[in-house]
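Work through the exercises below with the viewer open. Try each task before reading its solution.

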Amino acid sequence: MVTDGTVLDALGDPTRRALLERLRDHGPTSAGDLALGFDVSRPAISQHLGVLRDAGLVRVRAEGTRRVYSLDPAGLGALRAWVEAFWTVVLSDYADEVRRHPRARRSTR
């Protein structure tokens, strides 16, 4: 759940964000392939993937001795809902501001 901070804490690390982006861009990927190109060890990548899994952002399945990771739509959906709750408030506040100052909407070209 996003509100307990686990998801946000997981996303606070740039390596974990990069891992999520790789999964977004490439789909299900083995831990070994995900680790390619990072300046951290494979065990460190596995720890990062564990944090993402515990946060509900990725899921893992075994394929023989390999572990294949993919995005978890449920965890990402919870994160999206949390962010959208803020966006709804921001849009509402913006609409209120525009109604209070209708002339400010005109362009100053």
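**Exercise 1.** What covers the buried residues of α4?

Solution. The model is predicted: local features need pLDDT of at least 70, side-chain atom pairs count only at pLDDT 80 or more, and totals for chains, interfaces and linings use all residues. Residues are numbered from 1 along each chain as its sequence is written, and side-chain values use heavy atoms, with hydrogens and water left out.

- Step 1: list the buried residues (under 20% relative accessible area; exposed is over 50%, partly exposed in between; 1.4 Å probe, protein chains only). In α4 they are A44, I45, H48, L49, G50 and L52.
- Step 2: find the cover, using contact (heavy atoms within 4.5 Å). It includes α1, α2, α3, β2 and β3. Helices (H or I, at least four residues) and strands (E, at least two) are DSSP runs, numbered from the N terminus.
- Step 3: take L49. Leaving aside neighbours within four places in sequence, L49 is in contact with L19, A31, L34, V58 and Y69.

**Exercise 2.** Which members of the largest nonpolar core touch the most other members?

Solution.

- Step 1: define the set. A nonpolar core joins buried Ala, Val, Leu, Ile, Met, Phe, Trp, Tyr and Cys residues through side-chain atoms within 4.5 Å.
- Step 2: rank its 18 residues. L19, L49, L52, L57 and Y69 touch the most other members.
- Step 3: assign elements. Those giving two or more residues are α1 (6-11), α2 (14-26), α3 (31-35) and α4 (42-54).

**Exercise 3.** Why do the buried residues of α2 lie on the same side?

Solution.

- Step 1: name them. T15, R16, L19, L20 and L23 are buried in α2.
- Step 2: check the arc (directions from the helix axis to the C-beta atoms). These residues cover only 145° around the axis, so they sit on the same side of α2.
- Step 3: look at the opposite face. It carries the exposed residues P14, R24 and D25.
- Step 4: inspect the ends. D13 caps the N-terminal end, with a side-chain oxygen 2.8 Å from the backbone nitrogen of T15. Just after α2, G27 takes a positive phi of about 75°.

**Exercise 4.** How many aromatic pairs are there?

Solution.

- Step 1: apply the rule. Rings of Phe, Tyr and Trp (its six-membered ring) pair if their centres lie within 6.5 Å; planes under 30 degrees apart are stacked, over 60 edge-to-face, the rest tilted.
- Step 2: count. There is one aromatic pair. The ring centres of W82 and F86 are 4.8 Å apart and their planes are at 70°, so the pair is edge-to-face.
- Step 3: place the pair. W82 and F86 are four residues apart in α5 (residues 73-100), about one helical turn.

Notes
A polar contact is a pair of N or O atoms within 3.5 Å; within protein, one must be able to donate a hydrogen and the other to accept it, and residues adjacent in sequence count only if both atoms are side-chain atoms.
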